[in-house]
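Trainee: Could you pick out one part of this model and take me through it closely, side chain by side chain? I'd then like to see how the rest fits around that picture.

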Amino acid sequence: MTDLSQFIGGLPKAELHLHIEGSLEPELMFALAQRNHVAIPYASVEEVRAAYDFSNLQDFLDIYYAGADVLRKRQDFHDLAMAYFTRAAADGVVHAEIMFDPQTHTDRGIAFEEVIEGLLSGMRLAETELGLTSSLILSFLRHLSEEAAFETLRAAGPWLDRITAVGLDSSEVGHPPEKFARVFAAARAQGLKITAHAGEEGPPAYVHEALDLLGVDRIDHGNRALEDPALIERLVAEGMTLTVCPLSNHKLCVVDDMADHPLDRMLALGLKVTVNSDDPAYFGGYVADNYRAVAKARGLSRNDLVTLARNSFTGSFLPPEAVAAHLERLDAYAGG
Ligand code: HPA
Ligand code: ZN
């Protein structure tokens, strides 16, 4: 391992853009299919991995929702979460804000309670066994209606004190943030933070809408903001965090080549960017792999890497005291 690779592995960091359903590794998919007697359209783990060849977001989403069908019981969600936290901790992640898609499960007849209680028990175990803290972001599927999102928010009612934020994911183009303005206003009124995928495949106008109509605290992806100089200026002025996902961008053809990834350009513009894994089981790597891939492709310095890790803490939804404690540890690591 090179010095830089080792430095990345030990760098204390937060992960802010992670879909827990996207951390379902083929091995666990097979094990759960067996445990729950669910048929899956693959004969082997190798066959599953071979199917992960995407040319856009929708290609991926079709396979991602199909894969999630093996998740049936509370224990499955617990196991899924613990598998992710174990990998994340090995990558230097000390705090993770994980998205889950309740509608992917409730629409299959799985109770909201099974999903969230399984995830919460995995989160508690990660804290005691791995020293990794985490929080939950309830993500609405944007290809479904706003009324369905409202229903999901209502279902979450008994757990609102254990949910930190709401998010917006799934098929972006044709489903602008505007469609969900009222449900996000309701979520904010209930004390939840707000994040939304915007500018992954959708135009810069969707990033404007996420800011103006949803009142986001973070933007997930945001790559296409680079097409709009006034928007860049605004994001910089507001100190808005962007949760960028390099391997995802490459796998979903948001960038054609990792060598062309704009992460260093975003840093140079003064955008508050972070590096995240999105759906690590599908995109070929966890968070440290994302740092390594973009560091290699774009020649990032140690300083750049420390800035990315710093942004991951200051862009998190942690209280200021916790952020300060993480930054102190980061500074000790970077200076040591
Ligand atoms: N984009 C939109 N929706 C998603 C993604 C993504 O990268 N991953 C899981 N759901
Ligand atoms: Zn995502």
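Mentor: Let's settle one word first: a residue is called buried when its relative accessible area is under 20%, exposed when it is over 50%, and partly exposed in between. Keep in mind too that we're looking at a predicted model.

With that in hand, take the cysteines. C245 has a relative accessible area of 0%, so it is buried. C253 comes out at 38%, which makes it partly exposed. Might the two be bonded? A disulfide needs two cysteine sulfur atoms within 2.5 Å. The cysteine sulfur closest to that of C245 belongs to C253, and at 15 Å it is too far away for a bond. Start from C253 and you come back to C245, again at 15 Å and too far. The count for the structure is 0 disulfides.

So what does link side chains across the chain? Let's go to the zinc ion (ligand 2). Its protein donors are NE2 of H17, NE2 of H19, NE2 of H197 and an OD atom of D278, at distances of 2.0 to 2.2 Å. Written along the chain, the spacing reads H-x1-H-x177-H-x80-D. Two of these donors show the reach of the site: H19 belongs to strand β1 (residues 13–19), while D278 is in the loop between β8 (272–275) and α14, 259 residues away. Both H19 and D278 are buried. As for geometry, the angles among the 4 donor atoms run from 82 to 175°, and the site is classed as irregular. To be tetrahedral, all the angles among four donors would have to lie between 85 and 135 degrees, so this site doesn't qualify.

Helix α14 brings us to the aromatic rings. The whole structure has 14 aromatic pairs. One of them is Y64 with Y282, an edge-to-face pair with centres 6.1 Å apart and planes at 70°. Y64 is in helix α4 (residues 57–67) and Y282 in helix α14 (residues 280–283), so to speak two distant parts of the chain, 218 residues apart. How accessible are the two partners? Y64 has 3% relative accessible area, so it is buried. Y282, at 1%, is buried as well. Both belong to a cluster joined by ring pairs, along with Y52, F54, F60, Y65 and F283.

Rings also have charges over them here. K13 lies over the face of Y291, 5.5 Å from the ring centre. R218 places its charged end over the ring of F317, at 3.9 Å from the centre.

R218 is worth staying with, as it has another partner. It makes a salt bridge with E97, with 2.8 Å between the closest N and O atoms. This joins strand β6 (residues 218–221), home of R218, to strand β2 (residues 93–100), home of E97, across 121 residues of sequence. R218 and E97 are both buried.

Compare that with some other bridges, out of the 20 salt bridges found in the whole structure. R74 pairs with E113, and their closest N and O atoms are 3.5 Å apart. R74 sits in helix α5 (residues 74–90) and E113 in helix α7 (residues 112–130), so this bridge ties together parts 39 residues apart in sequence. On accessibility, R74 is partly exposed at 33%, and E113 is partly exposed at 39%.

Next, E147 and R154 meet in a salt bridge with an N to O distance of 3.0 Å. E147 has a relative accessible area of 44%, so it is partly exposed. R154, at 52%, passes the 50% mark and counts as exposed. There is also a network of salt bridges, linking E25, E27, R49 and R87.

One last stop is P203, in the loop between β5 (193–198) and α10 (204–214). Its relative accessible area of 27% makes P203 partly exposed. Its C-alpha atom is 28 Å from that of E151, 52 residues away along the chain.

Definitions and conventions. Residues are numbered from 1 along each chain as its sequence is written. Chains are lettered from A and ligands numbered from 1 in the order in which they are written. This is a predicted model: local features need pLDDT of at least 70, side-chain atom pairs count only at pLDDT 80 or more; totals for chains, interfaces and linings use all residues. Side-chain values use heavy atoms; hydrogens and water are left out. Rings of Phe, Tyr and Trp (its six-membered ring) pair if their centres lie within 6.5 Å; planes under 30 degrees apart count as stacked, over 60 as edge-to-face and the rest as tilted. Helices (H or I, at least four residues) and strands (E, at least two) are DSSP runs, numbered from the N terminus. Buried means under 20% relative accessible area, exposed over 50%, partly exposed in between (1.4 Å probe, protein chains only). A charge sits over a ring if NZ of Lys or CZ of Arg is within 6 Å of the ring centre and within 35 degrees of the ring normal. Donors are N, O and S atoms within 2.8 Å of the metal (3.2 Å for Na, K and Ca); water is not among the atoms, so sites may look incomplete. Four donors count as tetrahedral if all angles lie between 85 and 135 degrees; four count as square planar and six as octahedral if opposite donors are over 155 degrees apart and all others between 65 and 115; anything else is irregular. A salt bridge is a side-chain nitrogen of Lys or Arg within 4 Å of a carboxyl oxygen of Asp or Glu.
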